[in-house]
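Hi everyone, thanks for coming. I'd like to walk you through one structure today, so let's bring it up on the screen.

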Amino acid sequence: MAGPGELGLQTFAYPRVEPGAVLMRVIYSGICGTDKHTYRGETRQYAGTPHERSIVYPLICGHENVGIVEATGGEVRDSEGAILLPGDRIVPAANVPCGVCFACANHYPYYLCDRLEDYGNSLHCGIEPGLFGGWAEFMYLQPRTPLFRVPSDLPSDVAVLAEPMSVTHGLDTARTVLAAMGGVRFAETAVFVGVGPLGLCHLIKARMIGFTRIVAIDRFPARLAMARAFGARLTLAADGTSEVERMEAVVEHLGRPPDVVVDCSGIPQTFVESLHLVRTGGVVVEAGAFVDMGGVSVNPNTDICTKNVSVLGVGGELATAYLPSMRLLESNLDRLPLRSVVSHRLPLEQARAAVELAQMNEAMKVVIAPNGDEA
């Protein structure tokens with residue numbers, strides 16, 4: 001990606017693999033909402049934090065990846081300590097933590113690292129060898145990158161969901177918060193505002209961990225249909241309905257406001273609606289605002305304090321969630337239509353079409369298959 005809206009093919013030199021690094025042959029690389037922002041030139045990330053930055057072009061996007069070890073720089077081990085060999089199938093973490101700063105030493109999420117670097121974003125083509133994104137035949141994984149071995153029975157077109165599934169840890173925290181406030185038995189109902197790929201992964205996670213009644217809200221009919229396939233009992237079209245109408249429909253369906261509202265729309269205005277939707281004593285998980293799209297007006301008294309609402313901001317995935325997420329996906333292959341989440345697989349030469357398609361009604365998760373589709 002040479003600049004906003006500029007995608008083209010470029011040939012890179014085959015890299016020398018330094019000690020501790022891995023060269024991975026990419027099977028699939030997902031198109032994330034962050035990639036869509038980068039494509040549109042909306043490049044301000046981690047705004048208002050010490051890590052605030054703007055994306056540097058040119059870069060190779062793609063941080064949701066699954067691939068095969070091509071070569072290693074000496075002895076490299078996976079997350080469980082087993083030696084990785086050429087031919088092993090892996091999912092690499094989306095980031096490279098420094099491992100020594102306060103945040104890393106105290107096991108905070110990677111995005112609090114003092115020397116934050118991540119694939120397909122901060123690691124651009126001006127840094128040798130340049131192959132730091134999954135939209136390429138080969139991807140260079142720097143030393144210290146957490147590497148996760150894919151369970152043998154997990155198809156690659158489901159394993160590619162490991163990174164967005166690892167962002168769903170806010171649901172686990174929400175249940176912990178609710179348990180502390182009155183018993184986990186009350187964490188039964190959830191509304192998902194925005195059920196694109198990230199929102200759908202949250203919905204899937206909710207199904208897998210025991211939320212019993214689920215509502216989905218989105219603009220696109222195809223996404224709502226997918227939400228129904230994964231167990232949403234009520235789906236509401238954002239277009240053509242007002243916030244008041246959606247709130248009334250949710251309360252009528254559930255019998256009361258929901259325990260948890262997860263906002264994955266990427267649009268700031270839906271955060272306010274989520275605060276209005278959630279029940280007194282409930283939890284709002286804001287997991288879609290990775291890029292600064294501007295501010296909104298919130299009344300701390302009526303929207304948060306009076307209702308005793310907890311707000312959980314999620315800035316990315318947890319490295320500790322990758323392997324459990326893949327194992328959870330593997331154990332639910334026969335229960336849920338997980339292989340339907342990847343709706344389109346396009347070759348590297350059609351990357352522009354893939355990014356455009358990923359923003360359309362007919363697509364759910366669009367992935368790029370740089371070395372040909374294995375499905």
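**A walk through the model**

Let's start with F192, which touches L171, G199, H202, L203, A206, I214, V215, A216, I217 and V262, leaving out residues up to four places away in sequence. Before I go on, please keep in mind that this is a predicted model. You'll find F192 in strand β8, residues 189-193. Is F192 buried or exposed? It is buried, with a relative accessible area of 0%. There's also a long-range pair to look at here: F192 and V260 are 68 residues apart in sequence, and their C-alpha atoms are 8.6 Å apart in space.

Now for a pair of helices. Helix α5 covers residues 169-182 and helix α6 covers residues 197-209; they pack at an angle of about 45°, with their axes 9 Å apart. That angle makes α5 oblique to α6. The crossing of α5 past α6 is right-handed. Which residues in α5 and α6 meet? From α5 we have H169, L171, D172 and R175, and from α6 we have H202, K205, A206 and I209. By character, the residues of this contact between α5 and α6 divide into 3 nonpolar, 2 polar and 3 charged. Some of these names should sound familiar, since L171, H202 and A206 are also among the residues that F192 touches.

Next, let's turn to S156, in helix α3, which runs over residues 156-159. S156 is buried, at a relative accessible area of 2%. Its side chain makes a polar contact with the side chain of R89, at 3.1 Å. Setting aside neighbours within four places in sequence, S156 is in contact with I27, Y28, V66, R89 and E374.

What about helix α9, residues 269-277? Here 7 of the 9 residues are buried, so α9 is largely enclosed by the rest of the structure. Those buried residues are T270, F271, V272, E273, S274, L275 and L277.

Last, some backbone details for those of you who like torsions. Most residues other than glycine have a negative phi, and most peptide bonds are trans. With that in mind, have a look at H107: its phi is positive, about 65°, although H107 is not a glycine. H107 lies in the loop between α2 and β6, and it is exposed, with a relative accessible area of 74%. R144 has a positive phi too, of about 80°; R144 is in the loop between β6 and β7 and counts as exposed at 53% relative accessibility. As for cis peptide bonds, one runs from Y57 to P58, with omega near -5°, and another joins E128 and P129, with omega about 0°.

Key:
Residues are numbered from 1 along each chain as its sequence is written. This is a predicted model: local features need pLDDT of at least 70, side-chain atom pairs count only at pLDDT 80 or more; totals for chains, interfaces and linings use all residues. Side-chain values use heavy atoms; hydrogens and water are left out. Axes are lines fitted to C-alpha atoms, for helices over the stretch in contact, and angles run from 0 to 180 degrees between N-to-C directions. Helices (H or I, at least four residues) and strands (E, at least two) are DSSP runs, numbered from the N terminus. Angles under 35 degrees count as roughly parallel, over 145 as roughly antiparallel, 65 to 115 as roughly perpendicular and the rest as oblique. A crossing is left-handed if the near helix is turned anticlockwise from the far one by less than a right angle, and right-handed if clockwise. Contact means heavy atoms within 4.5 Å. Ala, Val, Leu, Ile, Met, Phe, Trp, Tyr, Cys and Pro count as nonpolar, Asp, Glu, Lys and Arg as charged, and the others, Gly among them, as polar. Buried means under 20% relative accessible area, exposed over 50%, partly exposed in between (1.4 Å probe, protein chains only). A polar contact is a pair of N or O atoms within 3.5 Å; within protein, one must be able to donate a hydrogen and the other to accept it, and residues adjacent in sequence count only if both atoms are side-chain atoms.
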